[in-house]
Amino acid sequence: MPHELQTFLTLDQAIDAVAADFGQYGPQPDLFCKIGPLILGNDFKTGISNGVKRAWIRPNRNHPFTPVDDTALGFYFIHALETSKKNAASIAHICALVFETSVRPGVGEGRSGVWIESRMDDFVCKRCGNCCRRLENTCLREDRQLWERLGRSDILTWVKEEQLDTGEVQYRIWIDPQTGKPAESCPFLVQQPGNITFYCTIQPVKPLVCWEYPFTKKHAQHTGCRGFEVNDTN
Ligand code: SF4
Ligand code: SF4
């Protein structure tokens with residue numbers, strides 16, 4: 001789990017992180033209504049279309065406002081952020097709303113960017129195993145190389161190498177070698193005997209994506225992680 005209290009991102013990295021958030025959590029209408037004016041200014045408004053509250057945008061002052069669905073709006077926001085002049089204070093404000101945490105503009109390694117609080121300080125893993133079920137994820141080439149060096153064919157057999165259209169290779173985990181489909185639960189997740197908690201049988205060599213989960217409090221709350229529950233009885 002990540003325990004750094006703050007992470008620095010350059011402005012370009014921050015926009016990439018916002019795009020990743022949109023991709024991961026899908027349309028977020030309430031959030032989009034808040035960040036719309038920050039990204040598009042007077043070219044964004046909300047209004048009613050077919051009896052439903054929608055976001056409306058106009059490409060420029062010479063065009064009328066038109067309603068836009070939230071998926072398209074997410075792409076429009078990212079395009080606007082990538083192509084406009086970047087202002088650290090404005091990007092920090094947007095990141096604070098997107099990541100539901102405190103974000104301040106600042107400098108890291110001599111570059112302008114934003115400092116993002118992880119809000120992970122009150123995280124305690126409850127060992128519920130939720131993060132290890134219904135996984136559709138990828139591991140790094142470095143994870144795979146480690147398992148190869150260690151001769152861990154028991155792990156490698158659950159990794160599927162795929163060639164992307166871009167020419168890149170991705171390593172999907174955990175893919176059932178019998179069915180070729182994602183496993184319903186990680187094959188290395190085991191319940192503690194006589195207990196309702198779970199543990200990882202490959203803990204020392206588990207992939208980085210598992211070490212880093214959850215990335216943020218929002219990530220935890222959107223993916224069924226119980227690490228922020230306070231009245232846990234385990
Ligand atoms: S490798 Fe370990 S931490 Fe990662 S999903 Fe499997 S059981 Fe969970
Ligand atoms: S879902 Fe959260 S609380 Fe549960 S085992 Fe995973 S990290 Fe721990």
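In this predicted model, three strands line up as an open sheet in the order 7-9-8, and their pairing is antiparallel. At the edges sit strand 7 (137–139) and strand 8 (160–163), each of which pairs on one side only. Neighbouring strands of this sheet are turned against each other by 45° on average, direction ignored. If you would like to trace one of the pairings, look at strand 7 and strand 9 (residues 169–173): three bridges join them, and they run antiparallel. Here N137 has I173 in strand 9 as its bridge partner.

I173 is worth a second look. A cis peptide bond joins I173 to W174, with omega at about -20°. W174 itself lies in the loop between strand 9 and strand 10 (189–191).

**A second open sheet**

Another open sheet has three strands in the order 1-6-5, again with antiparallel pairing. Its edge strands are strand 1 (6–10) and strand 5, each pairing on one side only. From one strand to the next, the twist averages 35°. Strand 1 and strand 6 run antiparallel and are joined by five bridges, and in this pairing T10 stands opposite G113 in strand 6. Helix 1 packs on the sheet, where it touches strand 1 and strand 6, and its direction makes about 105° with that of strand 1.

The loop between strand 5 (103–108) and strand 6 (111–117) holds E109. This residue has a positive phi of about 50° although it is not a glycine. As background, most residues other than glycine have a negative phi, and most peptide bonds are trans.

**Hairpin and neighbour**

Next come strands 2, 3 and 4. Strand 2 (residues 44–49) and strand 3 (residues 52–57) run antiparallel, with six bridges joining them. Together they form a hairpin with two residues between the strands, and N50 in the turn has a positive phi of about 55°. Within this pair, T46 stands opposite A55 in strand 3. Strand 3 is also joined to strand 4 (residues 66–68) by three bridges, and these two run antiparallel. There, I57 stands opposite T66 in strand 4.

The strand pairs with their bridges look like this:

| Strand pair | Bridges | Residues opposite each other |
|---|---|---|
| Strand 2 and strand 3 | six | T46 and A55 |
| Strand 3 and strand 4 | three | I57 and T66 |
| Strand 1 and strand 6 | five | T10 and G113 |
| Strand 7 and strand 9 | three | N137 and I173 |

**Helices that pack on helix 4**

How do helix 1 and helix 4 pack? Helix 1 (residues 11–25) and helix 4 (residues 88–99) meet at an angle of about 25°, and their axes are 10 Å apart. That angle makes helix 1 roughly parallel to helix 4. Helix 1 passes helix 4 in a left-handed crossing. On the helix 1 side of the contact are L11, A14, V18 and D21, which meet A88, I91, I94, C95, V98 and F99 in helix 4. By class, this contact has nine nonpolar, no polar and one charged residues.

Helix 2 (residues 29–40) packs on helix 4 as well, at an angle of about 175° and with the axes 10 Å apart. Helix 2 and helix 4 are therefore roughly antiparallel to each other. In this contact, L31, K34, I35, L38 and I39 in helix 2 meet S90, H93, I94, L97 and V98 in helix 4. These residues divide into seven nonpolar, two polar and one charged. I94 and V98 of helix 4 appear in the contact with helix 1 and in the contact with helix 2.

**Around the ligands**

Which residues are closest to ligand 1? Nine residues surround this ligand, and the closest are C132, C186, L189, C200 and C210. The shell has eight nonpolar, no polar and one charged residues.

Around ligand 2 you will find C125, K126, R127, C128, G129, N130, C131, Y213, C225, R226 and G227. This shell divides into five nonpolar, three polar and three charged residues. Y213 from this shell is also joined to P214 by a cis peptide bond, with omega at about -10°. P214 is found in the loop between helix 7 (208–212) and helix 8 (217–222).

Conventions:
Residues are numbered from 1 along each chain as its sequence is written. Chains are lettered from A and ligands numbered from 1 in the order in which they are written. This is a predicted model: local features need pLDDT of at least 70, side-chain atom pairs count only at pLDDT 80 or more; totals for chains, interfaces and linings use all residues. Axes are lines fitted to C-alpha atoms, for helices over the stretch in contact, and angles run from 0 to 180 degrees between N-to-C directions. Helices (H or I, at least four residues) and strands (E, at least two) are DSSP runs, numbered from the N terminus. Angles under 35 degrees count as roughly parallel, over 145 as roughly antiparallel, 65 to 115 as roughly perpendicular and the rest as oblique. A crossing is left-handed if the near helix is turned anticlockwise from the far one by less than a right angle, and right-handed if clockwise. Two residues are in contact if their C-beta atoms, placed from the backbone, lie within 7 Å. Ala, Val, Leu, Ile, Met, Phe, Trp, Tyr, Cys and Pro count as nonpolar, Asp, Glu, Lys and Arg as charged, and the others, Gly among them, as polar. Two strands pair if DSSP finds at least two bridges between them. A residue is near a molecule or strand if its C-beta atom, placed from the backbone, lies within 6 Å of it.
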